[in-house]
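Hello,

As promised, I am passing on the structure we talked about. Please have a look at it below, and then read on for what turned up.

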Amino acid sequence: MECPKCQFENRQEAKFCLSCGTKLELHCIQCGKRFPSAAVFCDECGFRLTVASETSPIDYNQPQSYTPKYLADKILTTRSSIEGERKLVTVLFADVANYTSMAEKTRPGRSSPRS
């Protein structure tokens, strides 16, 4: 089981992460209820929590088909706080001729060539 905080791969029956100590709980993808990692069915909605042996392919054109309901609701209710800000910016890209050979002659953290 992957830790949601540090992404450390723990054993499936673990209750706490071996790397950071975070309590390992899962969320039902159907209703969002938390449950211990050893659960097979959600006791709130009855959804099967273990991975089926054969899963259908994900249709990336239909986000609602793979986004858990609790997460979609959270995104929709906090939309104003997660929306970005649009700004007009100017970007300058400069290519310095012979930069690689100049950089090879400098020490890290220094701007002057080695003597």
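From the N terminus on, the order of elements in this predicted model is β-β-α-α-α. In other words, the chain holds two strands and three helices.

Here is the chain as a whole. It has 115 residues, and 11% of them are buried. Its accessible surface is about 10,400 Å², and carbon and sulfur atoms make up 53% of that area. As for contacts, take those with a separation of 6 or more: 12% of them join residues that are 24 or more positions apart.

One residue you may like to find is L71. It sits in helix α1, which covers residues 69–77. Is L71 buried or exposed? Neither label fits, because its relative accessible area is 33%, and buried would need under 20% while exposed would need over 50%. L71 therefore counts as partly exposed. While you are there, look across to G32: the two residues are 39 apart along the chain, and their C-alpha atoms are separated by 7.8 Å.

Now for a pocket. The second largest one has a volume of about 170 Å³. Which residues line the second largest pocket? Its lining is made of M1, E2, C3 and P4, together with T22, K23, L24, E25, L26 and H27. Sorted by class, that lining comprises five nonpolar residues, three charged ones and two polar ones.

Enjoy exploring it!

Best wishes

Conventions
Residues numbered from 1 in each chain as written. Predicted model: local features only at pLDDT ≥ 70, side-chain atom pairs only at ≥ 80, totals over all residues. Heavy atoms only, no water. Helix = DSSP H or I, 4+ residues; strand = E, 2+ residues; numbered from the N terminus. Buried < 20%, exposed > 50% of the residue type's maximum accessible area, 1.4 Å probe, protein only. Contact = heavy atoms within 4.5 Å. Areas by Shrake-Rupley, 256 points an atom, 1.4 Å probe, with all protein chains shown as cover. 1 Å grid on protein atoms, 1.4 Å probe; cavity = no way out; pocket = protein on both sides within 12 Å on 5 of 7 lines; lining within 4 Å. Points joined across faces, edges and corners; volume = space filled by probe spheres on them. Nonpolar A, V, L, I, M, F, W, Y, C, P; charged D, E, K, R; others polar.
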